[in-house]
Amino acid sequence: MHTVWYGATGTINLPAASGYAARSIMIYNTGAFTITIDPNASEVIVRDGTVQTGGVSMTLSSGAGNYVALLCDGVRWVAFGYKGTLAAGS
């Protein structure tokens with residue numbers, strides 16, 4: 001698992017799913033920062049078993065210790081755990 005310790009408000013651009021199959025990323029919030037997670041082009045993120053609209057980002061709420069763990073199946077990114085609020089963005 002690749003872990004990103006993120007200490008700023010900003011956007012993390014996910015790599016293309018086709019090149020990241022069977023790999024995972026954990027994004028860990030180190031402070032009071034709002035983090036946007038942006039899928040590649042029209043790829044999707046699955047949250048709580050629901051496929052989000054293609055190309056729609058997710059926002060991880062601010063707060064030290066909030067995180068999201070994402071697993072790539074080669075087509076999309078699946079959130080298999082998170083702490084805090086993980087909300088659909090734009």
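These legends describe close-up views of a predicted model.

**View 1. The largest nonpolar core.** This core has 17 residues. Leu14, Ile27, Ile37, Ile45, Val68, Leu70 and Trp77 make the most contacts inside it. Five strands each supply at least two of its residues: strand 3 (24–29), strand 4 (35–38), strand 7 (58–60), strand 8 (67–72) and strand 9 (77–83). Strand 8 gives the largest share, three residues.

**View 2. Ile27 and its contacts.** Ile27 is among the residues with the most contacts inside the largest nonpolar core. Leaving aside residues up to four places away in sequence, Ile27 touches Val4, Ile12, Ile35 and Ile37. Further contacts of Ile27 are Leu60, Asn66, Tyr67, Val68 and Leu70. Of these partners, Ile37, Val68 and Leu70 are also listed with Ile27 among the residues richest in contacts inside the core.

**View 3. The aromatic pair of Tyr20 and Trp77.** Two aromatic pairs are found in a search of the whole structure. In the pair shown here, the ring centres of Tyr20 and Trp77 are 5.4 Å apart. Their planes meet at 40 degrees, so the pair is tilted: stacking needs planes under 30 degrees apart, and an edge-to-face pair needs over 60. The pair links distant parts of the chain. Tyr20 belongs to the loop between strand 2 (10–13) and strand 3, while Trp77 belongs to strand 9. The two residues are 57 residues apart along the chain, yet their C-alpha atoms are separated by 9.5 Å. Trp77 has 0% relative accessibility and therefore counts as buried. Trp77 also appears among the core residues with the most contacts.

**View 4. The surroundings of Tyr20.** Tyr20 lies in the loop between strand 2 and strand 3. Its relative accessibility is 11%, so Tyr20 counts as buried. The limit for that class is under 20%. The charged end of Arg23 sits over the ring of Tyr20, 4.0 Å from the ring centre. Not counting residues up to four places away in sequence, Tyr20 touches His2, Pro15, Ile25, Cys72 and Trp77.

**View 5. An open sheet of four strands.** The strand order is 2-4-7-10, and the pairing is mixed. Strand 2 and strand 10 (86–88) stand at the edges. Each has a single partner strand, so one side of each is left without a neighbour in the sheet. From one strand to the next, the twist averages 30 degrees.

**View 6. The pairing of strand 7 with strand 10.** These two strands run in the antiparallel sense and pair over three bridges. Thr59 stands opposite Ala87 in strand 10. Strand 10 is an edge strand of the sheet. Strand 7 is also one of the strands that supply at least two residues of the largest nonpolar core.

**View 7. Two alanines with positive phi.** Ala22 is not a glycine, but its phi is positive, about 65 degrees. Ala22 is found in the loop between strand 2 and strand 3, the loop that also holds Tyr20. With 69% relative accessibility, Ala22 counts as exposed. Ala41 likewise has a positive phi without being a glycine, with a value near 50 degrees. The loop between strand 4 and strand 5 (45–47) holds Ala41. Ala41 is exposed, with a relative accessible area of 65%.

Technical notes:
Residues are numbered from 1 along each chain as its sequence is written. This is a predicted model: local features need pLDDT of at least 70, side-chain atom pairs count only at pLDDT 80 or more; totals for chains, interfaces and linings use all residues. Side-chain values use heavy atoms; hydrogens and water are left out. A nonpolar core is a set of buried Ala, Val, Leu, Ile, Met, Phe, Trp, Tyr and Cys residues joined through side-chain atoms within 4.5 Å. Buried means under 20% relative accessible area, exposed over 50%, partly exposed in between (1.4 Å probe, protein chains only). Contact means heavy atoms within 4.5 Å. Rings of Phe, Tyr and Trp (its six-membered ring) pair if their centres lie within 6.5 Å; planes under 30 degrees apart count as stacked, over 60 as edge-to-face and the rest as tilted. A charge sits over a ring if NZ of Lys or CZ of Arg is within 6 Å of the ring centre and within 35 degrees of the ring normal. Two strands pair if DSSP finds at least two bridges between them. Axes are lines fitted to C-alpha atoms, for helices over the stretch in contact, and angles run from 0 to 180 degrees between N-to-C directions.
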